[in-house]
Amino acid sequence: MMGGFGGALKNMSIGIASSHGKANIHSAGVTSDCEAVWNTTAEQDDFLESMADACKSVIDYMGKDNILYISVANNLSIDCDCDSNPHPPEMADIGIFASIDPVALDQACYDAVINSPDPGKKSLIERMDSRHAIHTVEAAAQLGLGVREYEIISID
C-alpha cells in the first residue's frame with residue numbers, strides 16, 4: 001500500500017528482504033528494528049528510493065544476467081498482498097509481462113494500467129498517483145538498474 005504499485009521492483013526489494021531489511025526499507029534506513037519501524041515515518045520518496053536501493057543490492061548480489069522478471073497483472077487491487085484485509089480487485093486481467101529489465105517491466109505495467117480501457121483503473125491510478133508510485137521506477141533508472149523505454153512484443 002505504501003509503494004502504490006506492486007511491480008517487480010517492489011517485489012524484489014520488499015519480497016526478498018528479511019524482517020529487519022523490510023524495516024530498514026520502510027524507514028528509509030532509519031531503523032532495522034521491526035517494532036520501532038512503525039514509530040518512524042519516512043518521507044514517501046525516501047521510502048520509494050530505499051526500495052530502489054534494495055533492488056540494486058539484490059541485483060548486485062545475484063548478477064543482472066541471472067534474473068528474469070515476470071509480472072502477472074490480473075485482478076488488480078489498490079492494496080498490497082501483505083494487507084490482511086485487502087480491498088477487492090476493481091481492475092481485470094491486463095496480461096503477463098516479462099523482461100530482463102525490471103525498470104522497463106515496471107514502466108510497461110504502469111503504462112498498461114494508465115492506458116487500459118478498464119473503468120476499474122480509476123482507483124488504482126488514484127492510489128499510484130497519491131503514493132508517487134512511479135518514483136521507484138525513476139530512482140531505479142537513476143541507479144542504472146534499467147531503462148524506462150521498452151518495446152511490447154505480444155505472444156499469442
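Here's a quick tour of a surface patch, a pocket, the cysteines and a few loop residues.

This is a predicted model, so local features need pLDDT of at least 70 and side-chain atom pairs count only at pLDDT 80 or more, while totals for chains, interfaces and linings use all residues. Residues are numbered from 1 along each chain as its sequence is written, and side-chain values use heavy atoms, with hydrogens and water left out.

**Ile 96 and the nonpolar patch**
- Ile 96 sits in strand β2, residues 95-99; strands here are DSSP runs of E, at least two residues, helices are runs of H or I, at least four residues, and both are numbered from the N terminus.
- With a relative accessible area of 65%, Ile 96 is exposed (exposed means over 50%, buried under 20%, partly exposed in between, using a 1.4 Å probe and protein chains only).
- Ile 96 joins Leu 68, Ile 70, Val 72 and Ile 100 in a nonpolar surface patch, with about 570 Å² of accessible area together.
- Patch residues have over 30% relative accessible area and no salt bridge, and nonpolar side chains (Val, Leu, Ile, Met, Phe, Trp, Tyr) are joined within 5 Å; a salt bridge is a side-chain nitrogen of Lys or Arg within 4 Å of a carboxyl oxygen of Asp or Glu.

**The second largest pocket**
- Ile 96 turns up again here: 13 residues line the second largest pocket, and Ile 96, Phe 97, Ala 98, Ile 152 and Ile 153 lie nearest its centre.
- β2 and α4 (102-115) are the elements giving two or more residues to that lining, and β2 gives the most, with 4 residues.
- A pocket is an open set of points on a 1 Å grid over the protein atoms alone, where a 1.4 Å probe fits, with protein on both sides within 12 Å along at least five of seven lines; lining residues have an atom within 4 Å of a point.

**Cysteines**
- Searching the whole structure turns up 0 disulfides, meaning pairs of cysteine sulfur atoms within 2.5 Å.
- Cys 55 is buried at 0% relative accessibility, whereas Cys 34 is partly exposed at 29%.

**Loop residues**
- Ala 28, in the loop between α2 (19-26) and α3 (44-62), has a positive phi of about 55 degrees although it is not a glycine.
- His 132, in the loop between α5 and α6, also has a positive phi of about 55 degrees without being a glycine.
- Most residues other than glycine have a negative phi.
- Ala 133 lies in the loop between α5 (121-130) and α6 (134-142), and is buried at 2% relative accessible area.
- Ala 133 and Leu 48 are 85 residues apart in sequence, and 7.6 Å apart in space, C-alpha to C-alpha.

Note on methods
Patch = residues over 30% accessible without salt bridge, like charges linked within 9 Å, V, L, I, M, F, W, Y side chains within 5 Å. Areas by Shrake-Rupley, 256 points an atom, 1.4 Å probe, with all protein chains shown as cover.
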